[in-house]
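User: I am new to reading structures. Could we go through this one and ask what the descriptive words rest on?

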Amino acid sequence: MVIHTESLRRFILPYPPSLNTYYRYVNGRVLISRKGRAYKEIVAHIMRHMSPSDHPIELNIEMHPPDRRRRDVDNVLKCLVDSAEGHAYRNDSQIRKLTIEKFDPVEGGRIIMEIFEKSDD
């Protein structure tokens, strides 16, 4: 689901794989895992109508885990930020402010990502 306003885009995304499963080490190389690549494809599909912004970005993220297991909020960030790159913004270096808040679990888990374009001042 996408909501467009003047400077806000809001996406409801599936819960991402954790950083522990996002990368794989193969023959001394670090690669994005099959799970990570699949998640990036899902996000690309959800954000397919969006043109990447060239402006500084503010991200507000609501994290709704799929269960009550202990989860670190920073464990989902890399996958989320990387998956939105090229869709919401051209490069994650454009992110000037990042807020994440963890909520109670919901069945299957979900992420609500709000993307604000900031002025270039």
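Analyst: One definition comes first: a pocket is an open set of grid points with protein on both sides within 12 Å along at least five of seven lines. Keep in mind too that this is a predicted model.

User: What is the volume of the largest pocket, and which residues line it?

Analyst: Its volume is about 180 Å³. A lining residue must have an atom within 4 Å of a pocket point. Tyr15, Pro16, Ser18, Pro66, Arg69, Arg70, Arg71, Asp72, Asn75, Val76 and Gly108 make up the lining.

User: What makes some of these lining residues charged, and how many are there of each class?

Analyst: Asp, Glu, Lys and Arg count as charged, so Arg69, Arg70, Arg71 and Asp72 belong to that class. The full tally for the lining is 4 charged, 4 nonpolar and 3 polar residues.

User: Why is helix H3 called mostly covered?

Analyst: The test for a buried residue is a relative accessible area under 20%. In H3, which spans residues 74–84, 9 of the 11 residues are buried. Among them are Asn75 and Val76, two residues that also line the largest pocket. Others on the buried list include Leu77, Cys79, Leu80 and Val81. Just after H3 comes Gly86, with a positive phi of about 90°.

User: Why is the chain called as compact as a globular protein of its length?

Analyst: Start with its elements: there are 3 helices and 7 strands, in the order β-β-α-β-β-α-β-α-β-β from the N terminus. The globule rule gives 14 Å for 121 residues and the radius of gyration is 14 Å, so the chain is as compact as a globular protein of that length. Along the principal axes, the C-alpha atoms fill a box of roughly 40 × 35 × 25 Å.

User: How much of the chain is buried, and how much area does the chain expose?

Analyst: Of the 121 residues, 36% count as buried. The exposed area is about 7,500 Å², and carbon and sulfur atoms supply 47% of that area.

User: Why is Ile32 called partly exposed?

Analyst: The class lies between the buried limit of 20% and the exposed limit of 50%. Ile32 has a relative accessible area of 25%, so this residue of strand E4 is partly exposed. Beyond its neighbours within four places in sequence, Ile32 is in contact with Tyr22, Tyr23, Arg37 and Lys40.

User: Which class do Ile42 and Phe103 fall into?

Analyst: Ile42, in helix H2, has a relative accessible area of 40% and is therefore partly exposed. Phe103, in the loop between strands E6 and E7, has 31% and is also partly exposed. The C-alpha atoms of Phe103 and Ile42 are separated by 22 Å. Phe103 touches Glu62, Met63, His64 and Pro65, leaving out residues up to four places away in sequence.

User: What makes Asn27 exposed, and what is its phi?

Analyst: Exposed means over 50%, and Asn27 has a relative accessible area of 77%, so the word applies. This residue sits in the loop between strands E3 and E4. Its phi is positive, about 50°, although Asn27 is not a glycine. Most residues other than glycine have a negative phi.

Notes. Residues are numbered from 1 along each chain as its sequence is written. This is a predicted model: local features need pLDDT of at least 70, side-chain atom pairs count only at pLDDT 80 or more; totals for chains, interfaces and linings use all residues. Side-chain values use heavy atoms; hydrogens and water are left out. Buried means under 20% relative accessible area, exposed over 50%, partly exposed in between (1.4 Å probe, protein chains only). Helices (H or I, at least four residues) and strands (E, at least two) are DSSP runs, numbered from the N terminus. On a 1 Å grid over the protein atoms alone, a cavity is a set of points where a 1.4 Å probe fits but cannot get out, and a pocket is an open set with protein on both sides within 12 Å along at least five of seven lines; lining residues have an atom within 4 Å of a point. Grid points are joined across faces, edges and corners, and a volume is the space filled by probe spheres set on the points. The radius of gyration is taken over C-alpha atoms; the globule rule is 2.2 Å times the number of residues to the power 0.38. Accessible areas come from the Shrake-Rupley method with a 1.4 Å probe; for residues, only the protein chains shown count as cover. Contact means heavy atoms within 4.5 Å.
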